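Colleague: I am new to this structure and would be grateful for a short introduction. May I put some questions to you?

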Amino acid sequence: MAAALAALRVLRESQGELRMRTEFDLLRVVVAANLGGLIVAVPIGLVGALSGVDEVAALIAGSFVDMTASLILWLPLAMRGRDAPSLATWPERAAQWTLLVTATLTIFATSFTTEFPYVVLVLLMWAGLRLSLLETLLQLIVVRLVITHFTAMGKGPYVGATHDRNLPDDLQMVYVQIFLITCSVAVVALNISSARARAESRREALAKADQVAERKLNTVFEALEAERSALEEMREVDRVKDAFVSTVSHELRTPITNIIGYTEMLEDGDFGRLSPDQSEATVRIGDNGRRLLSLIDDLLDLSRLRAEKMEIAQNPVDLVAVVRAGEQAILPRLRSAEVSLEMDLPPYPVTVTGEAEKLERVLVNLMSNAVKFTPPLGRVAVRLTQEGTWAIIEVSDTGYGIPEEDLDRLFSQFFRSSVSQEKHIQGTGLGLSIVRSIVESHGGQVEVASRVNVGTTFRVYLPT
């Protein structure tokens, strides 16, 4: 006990921490173990000399080597740094343990030549390379117990090792302890070196992984920065485009309004009577002027919506009156298209908060689309209902319908369905985009359902 305490004290004083991570730590253990061996051997030698023991030198050597071997084996168990994981799997560990115990029992329970004990050393070195330090130390303890037991019983390769050298028989145990010291130092050193190599390999792998991750992150950041710059450029281009469209639309509105005004004056005969051909040409000029004026109004509304400048008045609006106003606006188109209109309105007001003029624009756009996409003798139906806190305006037709692949893009700006292109139906692709923007600015939403050659139904939901 005194030797062990002194050895531990030396280890603490030399580095301040009991640890087992490097070969220098193992050297400290060897030095402390030798000091412990001296602490035991010197008093035993003095007692042996005073009591008349014949072989005092052999007693001192045996005590020193035995104590040193014990401390070299036991001191690492009291130190830190034994947490390196085992590389061996359970089958490998079971096989190594089986071979080690079997070889140790076979060699030291019989009398073979002195070369055979190093088979045990080879198996212990296998443990030093593959197992944890704690498990390696446990194997060394098992081997020490087995070898010491059978040697004390007069069995094993070291029995009689001193007979031909005129040395005391007690020294045969010294050979055993020297063998154990050799095994302990070699195997523990191998285990420490293996654990450090694995740790360095892991650190290098982590460092390389960090470098790869950093390069990839830099690449991602660069790509994101490039995408952000491209997005900013696109937004700037979009802003300039919207400003250009708004400016040009304002500049075009005044001359087109004048053209329409003078055309109406010609139609009314303010500048004299017109011939039938002149009158027909004037009507066409007026119709096309009004179409162009409607397009400019759509562009201005779209520009205001994109710039988020459309202000919605918070006034009570009767949707029944709005639908009736839309009906009056669409009647001329119904006659020319030979399409019938059915109205289903409640006998009581359905009131929402918003702006009547813009909601009327929604109705006119939806009804105009229904008329344009319905062949002659077809039918357009408008229905107004109220469910809970929602007012629902439904505009349906028996027209050409919309292909399913076009439904997702139907409310996109300037989008024209494949049916409108096949049937050569005129339009700018802005009407439904404006409808959705106005409805959403009123806190509502728009839904559409359609089947080709059956018809289309738009539903507008507005909060009451």
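Modeller: Certainly; please bear in mind that the model is predicted. Of the 464 residues in the chain, 39% count as buried.

Colleague: What percentage of the contacts between residues at least 6 apart in sequence join residues at least 24 apart?

Modeller: The chain is built from 13 helices and seven strands. Among its contacts between residues at least 6 apart in sequence, the share that joins residues at least 24 apart is 72%.

Colleague: Is helix H3 roughly parallel or roughly antiparallel to helix H6?

Modeller: Helix H3 (residues 56-74) and helix H6 (residues 133-152) pack with their axes 10 Å apart, at an angle of about 150 degrees. Angles over 145 degrees count as roughly antiparallel. Therefore H3 is, relative to H6, roughly antiparallel.

Colleague: How many residues of the contact of H3 with H6 are nonpolar?

Modeller: H3 contributes Asp-66, Ala-69, Ser-70, Leu-73 and Trp-74, while H6 contributes Leu-137, Leu-140, Ile-141 and Arg-144. Two residues of this contact are charged and one is polar. The number of nonpolar residues is six.

Colleague: Which residue in the loop between helix H10 and strand S4 has its place there with phi near 70 degrees?

Modeller: Most residues other than glycine have a negative phi. The loop in question lies between H10 (356-372) and S4 (379-387). The residue with the positive value, near 70 degrees, is Leu-377.

Colleague: Is Asn-453 buried or exposed?

Modeller: Asn-453 sits in the loop between strand S6 (445-451) and strand S7 (455-463), and its phi is positive, near 65 degrees. Its relative accessibility is 64%, and the cut-off for exposed is over 50%. Asn-453 therefore counts as exposed.

How values were computed:
Residues numbered from 1 in each chain as written. Predicted model: local features only at pLDDT ≥ 70, side-chain atom pairs only at ≥ 80, totals over all residues. Heavy atoms only, no water. Helix = DSSP H or I, 4+ residues; strand = E, 2+ residues; numbered from the N terminus. Buried < 20%, exposed > 50% of the residue type's maximum accessible area, 1.4 Å probe, protein only. Contact = heavy atoms within 4.5 Å. Axes fitted to C-alpha atoms, helices over the stretch in contact; angles between N-to-C directions. Parallel < 35°, antiparallel > 145°, perpendicular 65-115°, else oblique. Nonpolar A, V, L, I, M, F, W, Y, C, P; charged D, E, K, R; others polar.
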